[in-house]
Amino acid sequence: MVRHIVMFKLTEFSTPAEKQAKMQEIKEKLEALIDKIDVLRFIHVDFNINPAETWDIILTTELDTLEDVNTYANHPEHVAVSKGIIGPVKADRACVDYKF
């Protein structure tokens with residue numbers, strides 16, 4: 001199994017409520033992919049609660065192989081969320097994939 005973890009730093013928002021609403025939308029759209037991408041075994045999105053840290057969102061997914069990570073990353077449903085919803089508000093991204 002491979003755990004694929006991605007962290008996102010978002011751009012500045014006009015208000016904390018606007019940022020929270022966008023983070024919730026990202027969470028809902030990403031977690032909905034479990035029913036749309038068959039190689040996904042697990043997906044969960046959490047929010048950073050420590051304002052002194054850099055990253056706003058952490059995405060944790062589990063897949064069988066690194067090839068499945070690539071399938072997931074290039075799946076049209078994932079691309080729609082990544083490019084259409086996250087992309088416009090993404091300031092930075094970090095990723096790690098490891099076997100467990």
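## The pocket and its lining

Helix α3 gives the most to the lining of the largest pocket, supplying five residues. Keep in mind as you explore that this is a predicted model. The pocket has a volume of about 270 Å³, and 15 residues line it. To find its centre in the structure, look for Phe8, His78, Ser82, Lys90 and Arg93, which lie nearest to that point.

Which elements each supply at least two residues of the lining? They are β1 (2-10), α2 (66-74), α3 (76-86) and β4 (90-99). Sorted by class, the lining holds eight nonpolar residues, four polar ones and three charged ones.

## Helix α1

Helix α1 takes in residues 16-31, a run of 16 residues. From its first C-alpha to its last it reaches 22 Å, close to the 22 Å expected at 1.5 Å a residue.

Five names are worth picking out here: Lys22, Met23, Ile26, Lys27 and Leu30 are buried in α1. Why do they sit on the same side of α1? Because they cover an arc of only 140 degrees around the axis. The buried residues of this helix pack against β1, β2 (40-47), β3 (57-63), α2 and α3.

## Helix α2 and Asp68

We met α2 at the pocket, where it is among the elements that each supply at least two lining residues. Within this helix, Asp68, Val69 and Tyr72 are buried. They share one side of α2, because the arc they cover around the axis is only 105 degrees. Leu66, Glu67 and Asn74, on the other side of α2, are exposed. The partners of the buried residues of α2 are β1, α1, β2, β3, α3 and β4, against which they pack.

Asp68 deserves a visit of its own. This residue of helix α2 has a relative accessible area of 15%, so it is buried. Leaving out residues up to four places away in sequence, Asp68 touches Val39 and Leu63. You can also look from Asp68 to Ile37: they are 31 residues apart in sequence, and their C-alpha atoms are 10 Å apart in space.

## Val2 in strand β1

Now turn to strand β1, where Val2 is found. Is Val2 buried or exposed? With a relative accessible area of 5%, Val2 is buried.

What does Val2 touch, not counting residues up to four places away in sequence? Its contacts include Thr61, Glu62, Leu63, Asp64 and Thr65, as well as Leu66 and Val69. Further along the sequence, Val2 also touches Asp97, Tyr98, Lys99 and Phe100. Asp97 makes a good example of a partner from far along the chain: Val2 and Asp97 are 95 residues apart in sequence, yet 6.5 Å apart in space from C-alpha to C-alpha.

## Thr61 in strand β3

One of the residues that Val2 touches is Thr61, which has its place in strand β3. Its relative accessibility is 0%, so Thr61 counts as buried.

If we set aside neighbours within four places in sequence, Thr61 is in contact with Val2, Arg3, His4, Leu40, Phe42, Ile43 and Tyr72. Tyr72 leads back to α2, where it is one of the buried residues.

Conventions
Residues numbered from 1 in each chain as written. Predicted model: local features only at pLDDT ≥ 70, side-chain atom pairs only at ≥ 80, totals over all residues. Heavy atoms only, no water. 1 Å grid on protein atoms, 1.4 Å probe; cavity = no way out; pocket = protein on both sides within 12 Å on 5 of 7 lines; lining within 4 Å. Points joined across faces, edges and corners; volume = space filled by probe spheres on them. Helix = DSSP H or I, 4+ residues; strand = E, 2+ residues; numbered from the N terminus. Nonpolar A, V, L, I, M, F, W, Y, C, P; charged D, E, K, R; others polar. Expected span 1.5 Å × (residues − 1). Buried < 20%, exposed > 50% of the residue type's maximum accessible area, 1.4 Å probe, protein only. Arc of directions from axis to C-beta. Contact = heavy atoms within 4.5 Å.
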